[in-house]
Amino acid sequence: MPAPTEGARETAPFAELLKRHRGRSGLTQQQLADFATLSVRAIRDLESGRVRRPRRESVGLLADALRLGDTERLQLHAAGGSPADLRVSLFELPAPPALPEPPAPPGALVGREAELQVLLDQVTVHGHRLVSVVGIGGIGKTHLVLEAAQLLRARGWRVGWHAPAGDPLCCGAIPATGLGPNPHPNSGSNPNSGSGQRPPGAAGSTDDLVEAIGERYDLLVIDGDDAPGPGGVDIGELLRRRPGLRVVVTGLTPRHLPGERVLPLTAMAVPEETRDHDHARLSEVASVALFLSHMRRSRPGFRLRQDNAHTVAGLCRWLDGVPRALEYAAGWCLVYPPELLLARAGRDSSLLSSPAGCGCQDLLRSVARSVGIVAERHRRVLAEVADRPYWTVADLGHLVPDPAAALHALLVHGLVRPAGARLPEHFTALQLVRLLHGRDRVPTGVARAG
């Protein structure tokens with residue numbers, strides 16, 4: 001797809017500018033007249049160009065009704081020939097702070113080539129304005145969208161980056177620059193860099209973001225906007241006020257907005273259960289390839305061989321192909337050989353945290369967040385099947401009236417996965433879900449292993 005081009009920017013006459021703002025707001029002439037306490041005839045005269053120099057008070061009422069930011073308000077006054085103190089050329093107006101460029105991906109993207117192509121096609125070929133990449137923390141959402149952003153920028157797309165506020169900073173992580181004070185906790189590592197200073201408008205409000213975007217960007221990537229309440233981005237409002245913008249957002253759950261396309265990022269493919277593994281073929285399985293790429297960084301001499309293939313396959317299968325879990329396991333292999341690490345699996349929950357000793361990215365805590373946001377009836381289903389090795393949608397029939405919808409919700413949230421080619425139409429809960437469920441069942445006062 002050819003890269004979007006940027007048209008010439010000239011001072012728009014008042015009529016054209018007013019019609020443009022009204023079109024973006026989605027208001028009819030009558031609605032704008034009502035909100036601005038003007039007559040609909042006055043709106044028609046202004047938009048037709050019959051009135052070339054509107055009263056300054058009328059322009060102010062229109063700017064209020066259209067909810068314009070400071071820069072857009074000055075533009076409207078300037079186009080209407082308001083008094084000298086507001087007669088400012090569009091080229092002389094103070095530019096709002098630009099958004100940062102997307103950081104470079106934190107390494108090669110391994111095993112997600114199909115998902116990357118789907119994401120690129122959704123934005124470019126199909127032209128969808130909102131694509132939500134969803135899944136549990138640590139599943140690789142941030143890495144995927146960073147890779148997509150890098151490819152699109154290489155094609156000439158103007159891409160902005162916004163990482164809203166998340167958990168408090170820890171481990172000395174550097175905040176992302178832009179309209180959010182720090183990177184969100186779902187990133188596998190902190191790919192952001194910058195001065196850490198918050199530019200004007202860093203509260204992360206939708207109005208600030210709309211003003212910063214202006215006409216400068218074709219695509220905005222919002223990484224991890226899961227925070228409810230004030231400070232979160234109203235994506236529906238953002239799309240309404242910037243009709244030419246496309247948005248890719250990562251998070252734990254879909255936004256359920258009109259026109260949204262959802263890309264669930266689920267656990268990577270894992271090896272089938274078998275006694276003998278062909279180590280050459282095993283290295284082509286997505287989870288194994290990613291585990292080996294991390295192992296080579298911590299132990300450069302490590303190679304997949306016939307004598308360790310069964311252990312590596314067992315680790316990748318036990319970790320469900322969750323990218324961050326594979327990264328942590330490879331890091332722990334500096335302390336424990338893979339055979340001992342597999343033997344300790346399930347008995348030492350600290351292995352599901354960063355070997356650096358930081359608890360801010362504990363995988364059990366991350367999956368608990370995802371479990372906590374699904375509907376209560378779906379949580380009950382998950383609790384019922386968590387300890388079963390495999391099950392089908394028919395097995396859920398006695399639990400909820402809509403078993404297929406319940407399974408779909410759990411798959412979209414990334415809490416369950418298909419059991420594999422050897423068990424078609426069967427599903428299983430993630431090992432992380434089982435561990436979380438088992439931990440939550442431990443009676444108060446009973447010591448927990450690990």
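A residue is called buried here when its relative accessible area is under 20%, and the close-up views below apply that word to a predicted model.

**View 1. Helix α11 and the elements that cover its buried residues.**
Helix α11 runs through residues 286-298, and because its 13 residues should span 18 Å at 1.5 Å a residue, the 19 Å between its end C-alpha atoms agrees with that expectation. The buried residues of this helix are Ala-286, Ser-287, Val-288, Leu-290, Phe-291, Leu-292, His-294 and Met-295. Among the elements that cover them are α10 (279-282) and α12 (309-318), together with α13 (323-332) and α14 (338-344).

**View 2. The largest nonpolar core, seen around Leu-119.**
This core holds 79 residues, and the members that touch the most other members are Leu-119, Phe-291 and Leu-415; Phe-291 also appears in the previous view, as one of the buried residues of α11. When residues up to four places away in sequence are not counted, Leu-119 touches Val-131, Val-133, Leu-144, Val-145, Ala-148, Val-248 and Leu-263. Separate from this set is a second core of 18 residues, which includes Leu-27, Leu-32, Leu-66 and Leu-76. In soluble globular proteins, nonpolar side chains tend to be buried together.

**View 3. Helix α17, with its buried residues and the partly exposed Ala-405.**
In α17, which covers residues 403-412, the buried positions are Pro-403, Ala-406, Leu-407, Ala-409, Leu-410 and Val-412. What covers them includes the strands β1 (130-134), β5 (261-264), β6 (416-418) and β7 (427-429), as well as the helix α16 (376-385). Ala-405 also lies in α17, but it counts as partly exposed because its relative accessibility is 38%, a value that falls between the limits of 20% for buried and 50% for exposed. The C-alpha atom of Ala-405 is separated by 9.2 Å from that of His-378, although the two residues are 27 residues apart along the chain. After the helix comes Gly-414, whose phi is positive, near 75 degrees.

**View 4. The crossing of helices α1 and α5.**
The axes of α1 (residues 14-25) and α5 (residues 70-79) come within 8 Å and cross at roughly 150 degrees, and the crossing is left-handed. From α1, the residues Phe-14, Leu-17, Leu-18, His-21 and Arg-24 take part in the contact, where they meet Glu-72, Gln-75, Leu-76 and Ala-79 of α5. Sorted by class, this contact has five nonpolar, two polar and two charged residues. Leu-76, on the α5 side of the contact, is also included in the second core of 18 residues.

Conventions: Residues are numbered from 1 along each chain as its sequence is written. This is a predicted model: local features need pLDDT of at least 70, side-chain atom pairs count only at pLDDT 80 or more; totals for chains, interfaces and linings use all residues. Side-chain values use heavy atoms; hydrogens and water are left out. Helices (H or I, at least four residues) and strands (E, at least two) are DSSP runs, numbered from the N terminus. The expected span of a helix is 1.5 Å times one less than its number of residues. Buried means under 20% relative accessible area, exposed over 50%, partly exposed in between (1.4 Å probe, protein chains only). Contact means heavy atoms within 4.5 Å. A nonpolar core is a set of buried Ala, Val, Leu, Ile, Met, Phe, Trp, Tyr and Cys residues joined through side-chain atoms within 4.5 Å. Axes are lines fitted to C-alpha atoms, for helices over the stretch in contact, and angles run from 0 to 180 degrees between N-to-C directions. A crossing is left-handed if the near helix is turned anticlockwise from the far one by less than a right angle, and right-handed if clockwise. Ala, Val, Leu, Ile, Met, Phe, Trp, Tyr, Cys and Pro count as nonpolar, Asp, Glu, Lys and Arg as charged, and the others, Gly among them, as polar.
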